[in-house]
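Here's a quick tour of a small piece of protein, written for someone who'd rather have the picture than the raw numbers. Keep the viewer open and follow along.

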Amino acid sequence: MIATSASRTLTLAEALAEIRMSRAAFYRLRARGKAPRHLKLPNGQIRIRRADLDAWFDGCEVPTC
């Protein structure tokens, strides 16, 4: 199976580097239920689907007046 760019998963480190966010900030958002949708693997690692990260980031946009 070939992974499309939308179905690709990123490691937490890759996602955080892309959006320039610290790991601590991510976990604070996660605790508040405001982090991007993510998967927690049985070994405890977190993965974020590319589409979920893009949708979350788009939702952060503030409308201009």
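Helices (H or I, at least four residues) and strands (E, at least two) are DSSP runs here, numbered from the N terminus. With that in hand, Asp-52 can be placed in helix 3, residues 50–59.

Some ground rules. This is a predicted model, where local features need pLDDT of at least 70 and side-chain atom pairs count only at pLDDT 80 or more, while totals for chains, interfaces and linings use all residues. Residues are numbered from 1 along each chain as its sequence is written, and side-chain values use heavy atoms, with hydrogens and water left out.

**The overall picture**

The protein chain has 3 helices and 3 strands, and from the N terminus on they run β-α-α-β-β-α. Its C-alpha atoms fill a box of roughly 45 × 25 × 20 Å, taken along the principal axes. Of the 65 residues, 25% are buried; buried means under 20% relative accessible area, exposed means over 50%, and partly exposed is in between (1.4 Å probe, protein chains only).

Contact here means heavy atoms within 4.5 Å. Among the contacts with a separation of 6 or more, 43% come from residues 24 or more positions apart.

As for charge, the chain carries 12 positive and 6 negative side chains, and the centres of the two sets lie 11 Å apart. Lys and Arg count as positive and Asp and Glu as negative, with His and the chain ends not counted; the place of a charge is taken as NZ of Lys, CZ of Arg, CG of Asp or CD of Glu.

**The sheet**

How are the 3 strands of the sheet ordered? The order is 1-3-2, in an open sheet with antiparallel pairing. Strand 1 (9–11) and strand 2 (39–40) stand at the edges with a single partner strand each, so one side of each has no neighbour in the sheet. Two strands pair if DSSP finds at least two bridges between them. As a general reminder, strands of a sheet pair through backbone hydrogen bonds, either parallel or antiparallel.

Strand 1 and strand 3 pair over 3 bridges, and Thr-9 sits opposite Arg-49 in strand 3. Strand 2 and strand 3 (residues 46–49) pair over 2 bridges, with Lys-40 opposite Ile-46. Strand 2 and strand 3 also make a hairpin with 5 residues between them, and Gly-44 in the turn has a positive phi of about 95°.

Follow the side chains along strand 3 and you'll see them alternate: Ile-46 and Ile-48 point to one face and are buried, whereas Arg-47 and Arg-49 point to the other and are not.

**Helices and the loop between two of them**

Most residues other than glycine have a negative phi, and most peptide bonds are trans. Arg-20 is worth a look: it isn't a glycine, but it has a positive phi of about 55°. You'll find Arg-20 in the loop between helix 1 (12–19) and helix 2 (23–31).

Ile-19 belongs to helix 1. Which residues does Ile-19 contact, leaving aside neighbours within four places in sequence? They are Leu-53, Trp-56 and Phe-57. The C-alpha atoms of Ile-19 and Phe-57 are separated by 8.3 Å, although the two are 38 residues apart along the chain. Over in helix 3, Asp-52 touches Pro-36 and Arg-37, not counting residues up to four places away in sequence.

Here's how some of these residues, plus a few aromatic ones, score for burial.

| Residue | Relative accessibility | Class |
|---|---|---|
| Phe-26 | 1% | buried |
| Asp-52 | 15% | buried |
| Trp-56 | 18% | buried |
| Ile-19 | 18% | buried |
| Tyr-27 | 35% | partly exposed |
| Arg-20 | 80% | exposed |

**Aromatic pairs**

Rings of Phe, Tyr and Trp (its six-membered ring) pair if their centres lie within 6.5 Å; planes under 30 degrees apart count as stacked, over 60 as edge-to-face and the rest as tilted. How many aromatic pairs does the structure hold? There are 2. Phe-26 and Tyr-27 have ring centres 5.5 Å apart and planes at 80°, so that pair is edge-to-face. Trp-56 and Phe-57 make a tilted pair, at 6.4 Å centre to centre with 45° between the planes.
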